[in-house]
Amino acid sequence: MGKFIAKRIGSTVCTLLILSVFIFLLIHLTPGDPARILLGSDASAESVALLHEEMGLNRPLFQQYFSWVGKAVCGNLGTSYTRNGTVTHAINQAMGPTLVLSLWALLLSIVIAITSGVYAARRKGKAGDSGVIAFSLLGISTPSFLLSLFLVLIFSVGLKWLPVAGYKSIAEAGLLIHLRYIILPVISLAMMQAAVLTRMTRSSIIDVINNDYIKAAKAKGLAERAILYKHALKNAMIPILTTIGQTFALLLSGAAVVETVFGIPGIGQLIVSSVTKRDYPVIQGIVLVISLIYVVINFVIDLLYGVVDPRMRITAKQE
Amino acid sequence: MNNKEENIKLSKKQLHEYRRLVFINFFRKRLVFMGFVVTMILAVIAVIAPYIAPYDIYDIDVMNKLKAPGHVHIFGTDNLGRDILSRTLYGTRISMTVGLATAAITFMCGTMLGIAAGYVKFLDNIIMRVCEGLMAIPPILMAIALVAALGASVQNVIIALSIVYIPTVARVSRASTISVCELTYIEAARAEGAEPLRIVLRHILPNIISPVIVQVTYIFASSIIIEAALSFLGAGVPQPAPSLGNMLYEAKSYIYNAWWMTIFPGVFMICTVLGLNLFGDGLRDILDPMSN
């Protein structure tokens with residue numbers, strides 16, 4: 001187990017290193033002199049040079065990289081060009097709604113995926129199965145922002161059941177009103193991942209069903225439902241669980257797009273306003289934070305995977 | 001010598017039989033066929049858009065703004081009175097261009113990197129670690145950051161999407177290269193003294209191409225989605241070019257009074273991506289049966 005963990009830590013550190021180099025280089029790829037952008041176009045050459053010195057922009061690239069990483073580790077991602085305060089502060093403020101939206105969407109997509117995946121696997125080759133396959137194909141092919149526009153057209157503009165836009169947190173408005181506002185964004189966001197996960201669940205259950213221990217359970221006279229949910233799903237879930245880290249990262253970044261449709265004050269709005277105002281430190285900060293979340297979740301899931309599935313530990317030992 | 005020729009003849013016959021089976025299989029699968037037809041129709045639309053578009057895509061006609069679909073403007077007009085049908089056709093053209101270019105670039109660069117990593121031991125760790133690092137960044141965010149850095153234009157969107165997806169292709173082709181390299185015919189070629197370049201081009205490349213092509217089809221579809229999302233966020237193809245994402249972005253502000261601004265570009269977009277995904281699924285079943 002120790003070797004397994006050490007190996008995972010090694011590869012995670014490696015990934016983080018490359019990630020940080022890439023994002024750092026991205027900062028230097030961006031056009032314009034940060035000092036001049038911060039001070040405005042009227043600033044004198046001396047004050048720009050002074051700020052250069054202060055920000056350490058005169059030092060060699062690799063020194064700048066190390067000081068940037070050092071600051072980033074302490075949670076200092078630089079100063080925003082356009083808003084008052086640090087990048088960390090801006091991201092902290094916007095992260096709440098995005099996290100809530102993504103967690104709801106993760107929950108919904110897992111529920112949809114398991115129910116429809118099991119249903120399709122049970123009716124393999126029949127009409128129900130084809131229905132689920134067609135539905136998931138449509139889900140995979142519909143971008144979240146498009147689905148949200150369609151849902152707004154139907155439920156807000158046409159039927160007038162739900163609000164067109166806005167966000168109310170549970171703390172300020174209670175669960176029911178919160179759900180009223182967030183249900184359309186959650187559905188739009190969850191659908192694509194639900195479709196991907198449904199396909200995975202279906203094929204992984206179909207794989208598992210052919211195993212001997214399922215035949216043994218059947219021979220024992222267990223009810224089909226018990227076989228599916230207790231024996232097949234448990235083993236079929238392993239490959240699905242491992243993709244949840246990736247799913248969550250995709251949901252976080254996808255939330256950014258959906259938020260702009262519904263006017264939710266999250267990371268998405270922060271990105272859009274930063275892109276239009278060319279606030280590069282904020283854009284890069286967001287990329288760094290969300291990628292970090294992805295890497296950390298993946299690391300934890302890898303470890304859990306080793307705990308849950310003893311075969312993984314053995315393979316790691318043999319390697 | 002004679003023996004060798006016979007062998008080649010036999011394998012050619014087998015190849016023919018294989019191709020015939022592939023062909024039958026292809027048409028047997030109706031969904032795949034549908035995907036193929038839809039993709040082809042949209043590809044033709046993309047190519048001939050300038051000739052079939054009934055109006056100029058930039059022609060502003062304020063007198064006729066937000067007109068519902070009718071026989072003058074079949075898909076209606078937008079907030080500036082521009083013809084939605086013409087703009088949707090052009091939008092399909094832009095989406096297809098971005099998707100195709102990204103697919104082609106990722107195919108070439110990704111395969112090259114993947115083979116290099118799979119074939120040359122000391123490059124493996126370097127290339128794959130870099131790819132893993134890049135793959136940790138969610139595609140949309142990475143594309144936004146790159147386009148923000150490079151500046152918004154069709155060309156830069158293509159470059160950004162290629163950087164996003166090259167690691168995926170590299171990973172697939174590396175895995176296939178490693179499994180092909182273990183086969184005896186590679187060893188035989190090596191024993192016969194074949195140059196590494198010849199082994200790569202004649203023996204490895206043709207045998208890893210199937211899974212890579214399947215992957216690239218999916219990338220084609222995904223890059224169309226991400227381009228639209230980028231444009232929708234204002235970080236993609238710059239206005240007033242009628243990319244489908246741009247059109248949907250404008251439609252958002254008029255969702256109360258002009259449903260046609262959302263529906264038509266939206267349906268075209270879904271058809272394009274759906275067609276490509278179906279086509280990709282079919283290709284996977286045919287070219288790469290093991291993955292199922």
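The expected span of a helix is 1.5 Å times one less than its number of residues. In this predicted model, that rule can be applied to helix α5 of chain A, which runs over residues 87-122. Because each residue should add 1.5 Å, the 36 residues of α5(A) should span 52 Å, and the C-alpha atoms at the two ends are in agreement with this, lying 50 Å apart. The helix nevertheless contains a kink of about 40° at A:Met95, a position shortly before the proline A:Pro97. Among the elements of chain A, α5(A) also has the highest mean pLDDT, 89, whereas helix α14 of chain A, formed by residues 310-318, has the lowest, 61. Where pLDDT is low, the predicted coordinates should not be read in detail.

Chain A as a whole contains 14 helices and zero strands, and its C-alpha trace spans about 85 × 60 × 35 Å along the principal axes. Of its 319 residues, 35% count as buried. When contacts in chain A with a separation of 6 or more are considered, 70% of them are made by residues 24 or more positions apart. The average pLDDT of chain A is 82, and 95% of the residues score at least 70.

The two chains touch one another, with 36 residues of chain B in contact with 42 residues of chain A. On the side of chain B that touches chain A, at least two residues each are supplied by α4 (121-135), α5 (139-150), α8 (196-232), α9 (244-253) and α10 (259-287) of chain B. The largest share of that side, nine residues, comes from α10(B). By residue class, the side of chain B that touches chain A comprises 28 nonpolar, five polar and three charged residues.

The largest nonpolar core has 153 residues, of which A:Ile283, A:Ile286, A:Val287, B:Ala143, B:Ile144 and B:Ala229 touch the most other members. When residues up to four places away in sequence are not counted, B:Ala143 touches B:Ala160, B:Leu161, B:Val164, B:Ile226 and B:Leu230.

A further residue of chain B, B:Leu31, is found in helix α2 of that chain, which covers residues 30-52. A residue is buried if 20 or more other C-beta atoms lie within 10 Å of its own, and exposed if 12 or fewer do; B:Leu31 has 15 such neighbours and is therefore partly exposed. Although B:Leu31 and B:Phe279 are 248 residues apart in sequence, their C-alpha atoms are 8.3 Å apart in space.

Conventions: Residues numbered from 1 in each chain as written. Chains lettered and ligands numbered in written order. Predicted model: local features only at pLDDT ≥ 70, side-chain atom pairs only at ≥ 80, totals over all residues. Contact = placed C-beta atoms within 7 Å. Helix = DSSP H or I, 4+ residues; strand = E, 2+ residues; numbered from the N terminus. Nonpolar A, V, L, I, M, F, W, Y, C, P; charged D, E, K, R; others polar. Bend = angle between axes of the 7 residues up to and from the residue. Core = buried A, V, L, I, M, F, W, Y, C linked by C-beta atoms within 7 Å. pLDDT = per-residue confidence, 0-100.
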